[in-house]
Amino acid sequence: QVQLVESGGGLVQAGGSLRLSCEGSGNIFSTAMAWYRQAPGKQRELVATITSVNRVNYVDSVKGRFTISRDYAGNRVYLQMNSLKSEDTAVYYCVASRSGGTWLGPQTWGQGTRVTVSS
């Protein structure tokens, strides 16, 4: 069973940047991965996905500002967040899919890391 641990959240001013990191305890090398977020009072939202062959997708609201990537050697997935806005405030979750080449939905969730953007 893969376990995921996120880090890198915190408080940042609008316009600033943060880099979230997710470390997998098991083999996530061949697994499609994603970042979700849940803002206060809202449903969880799929932010970005990356497949085992580095195919990426983003929700429209973060395109051009966020970048998802993976470090195969270190078994990590990252979310670089630039030009942050107050509406990016949320708990961010690292998620592993049940597939590799295509994102087929969430299977394993991390515990989440909180991002707060002050305006």
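Which residues in the largest nonpolar core touch the most other members?

## The main core

In this predicted model, the answer is a group of five: Met33, Trp35, Leu79, Met81 and Tyr92, out of the 26 residues that form the largest nonpolar core. Seven strands give two or more residues each to this core: β3 (18–24), β4 (33–38), β5 (45–50), β7 (66–71), β8 (76–81), β9 (90–97) and β11 (113–118). Among these, β9 supplies the largest share, with 4 residues.

Let's look at one of the five a little more closely. Beyond its neighbours within four places in sequence, Met81 is in contact with Gly16, Ser17, Leu18, Leu20, Arg65, Phe66, Tyr92 and Val115.

## A second core

There is also a separate core of 7 residues, and its members include Ala32, Tyr36, Tyr93 and Trp103.

## Overall fold

The protein is built from 11 strands and 0 helices. The radius of gyration is 13 Å, close to the 14 Å that the globule rule gives for 119 residues, so the protein is as compact as a globular protein of that length. Its C-alpha trace spans about 40 × 25 × 25 Å along the principal axes.

Of the contacts with a separation of 6 or more, 55% link residues 24 or more positions apart.

## Surface and charge

Buried residues account for 45% of the 119 in the protein. The accessible surface is about 6,000 Å², and carbon and sulfur atoms hold 46% of that area.

As for charge, you will find 12 positive and 7 negative side chains, with the centres of the two sets 3 Å apart.

Note on methods:
Residues numbered from 1 in each chain as written. Predicted model: local features only at pLDDT ≥ 70, side-chain atom pairs only at ≥ 80, totals over all residues. Heavy atoms only, no water. Rg over C-alpha atoms; globule rule 2.2 N^0.38 Å. Buried < 20%, exposed > 50% of the residue type's maximum accessible area, 1.4 Å probe, protein only. Contact = heavy atoms within 4.5 Å. Areas by Shrake-Rupley, 256 points an atom, 1.4 Å probe, with all protein chains shown as cover. Lys, Arg positive; Asp, Glu negative; His and termini not counted. Charge placed at Lys NZ, Arg CZ, Asp CG, Glu CD. Core = buried A, V, L, I, M, F, W, Y, C linked by side-chain atoms within 4.5 Å.
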